[in-house]
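Visitor: I am new to this structure. Please take one part of it and show me that part closely.

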Amino acid sequence: MQERTLAIIKPDAFSRNLVGSIIAMAEEKQLSMVSGKVFHLTRQQVESFYSVHRDKSFFESLTRFMTEGPIFVMVLGGEEAISLWRKIMGATDPGQAEEGTIRQRFGESIERNSVHGSDDPETARFEIGFFFNALEVVEESNAD
Ligand code: CMP
């Protein structure tokens, strides 16, 4: 099934000029960019985006990390895009991530893990709408 997912290249990777390498890893696996922008989020925006994690012990630190510098946010489209992007990213903890995944190659720690991806279709809808309006996301009929 054709899907869209929200992908973030986080401050640790953005600051090391890894945006192009990471996009290339998505494109190699047949994921296509549907929309993309650079943001430098405020604390309030990060708290809102990651609100499902607000009770976690790492929330404060995650908020600090995600506001420390610019990020690249994109919508990726393709066959089973949600699970495929999660596979390309690898496990949350780079130490547990499979060989050849983004987090295994570039992640610095469980927090500074270089990339984010939506975990299911409902989350993808929320996360895409958080960053992009309808005009900024190519219509299915035009993109697919
Ligand atoms: P992400 O997939 O974007 O979802 C939530 C983020 O919180 C996660 O990637 C990491 O950046 C961070 N995170 C998850 N678990 C931990 C943890 N145990 N300690 C610190 N940061 C974490």
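**The strands and the pocket beside them**

Guide: Start with Gly117, which counts as buried because its relative accessibility is 6%, under the 20% cut-off. Keep in mind that this is a predicted model. Gly117 has its place in strand 4. Look across to Leu76 as well. Leu76 and Gly117 are 41 residues apart along the chain, and 9.7 Å separates their C-alpha atoms.

Now follow strand 4 to its partner. Strand 4 pairs with strand 1 in the antiparallel sense, over three bridges. Find His116 in strand 4; Ile8 stands opposite this histidine.

Strand 1 runs over residues 2-9, and seven of its eight residues are buried. That makes strand 1 mostly covered. Strand 1 also pairs with strand 3, residues 71-79. This pairing is antiparallel too, and it spans eight bridges. Pick out Ala7 here: Met74 in strand 3 stands opposite Ala7. One general point helps when you view the strands. Side chains in a regular strand alternate between the two faces of the sheet.

Next, turn to the open space. The largest pocket holds about 590 Å³. Its lining has 24 residues, and those closest to the pocket's centre are Lys10, Tyr50, His53, Thr92 and His116. You have already met His116, opposite Ile8.

Which elements each supply at least two residues of this lining? They are helix 3 (43-49), helix 5 (81-89), strand 4 (115-117) and helix 7 (121-131). Helix 7 gives the most, with three residues. What is the lining made of? By residue class it divides into eight nonpolar, 10 polar and six charged.

Finally, look at the ligand. Several residues surround it, among them Lys10, Tyr50, His53 and His116. Those four are also listed with the residues closest to the centre of the largest pocket. Phe58, Leu62 and Ile110 are around the ligand as well. So are Glu111, Asn113 and Arg103.

Three side chains deserve a closer view. Lys10 has a polar side-chain atom 2.8 Å from an oxygen atom of the ligand. For Arg103, a polar side-chain atom lies 3.3 Å from a ligand oxygen. For Asn113, the distance from a polar side-chain atom to an oxygen atom of the ligand is 3.3 Å.

To retrace the path, go from buried Gly117 to His116 beside it in number, opposite Ile8. Then go on to the ligand, which has His116 among its surrounding residues.

Key. Residues numbered from 1 in each chain as written. Predicted model: local features only at pLDDT ≥ 70, side-chain atom pairs only at ≥ 80, totals over all residues. Heavy atoms only, no water. 1 Å grid on protein atoms, 1.4 Å probe; cavity = no way out; pocket = protein on both sides within 12 Å on 5 of 7 lines; lining within 4 Å. Points joined across faces, edges and corners; volume = space filled by probe spheres on them. Helix = DSSP H or I, 4+ residues; strand = E, 2+ residues; numbered from the N terminus. Nonpolar A, V, L, I, M, F, W, Y, C, P; charged D, E, K, R; others polar. Buried < 20%, exposed > 50% of the residue type's maximum accessible area, 1.4 Å probe, protein only. Pairing = 2+ DSSP bridges. Near = heavy atom within 4 Å. Polar contact = N/O pair within 3.5 Å; in protein donor to acceptor, adjacent residues only side chain to side chain.
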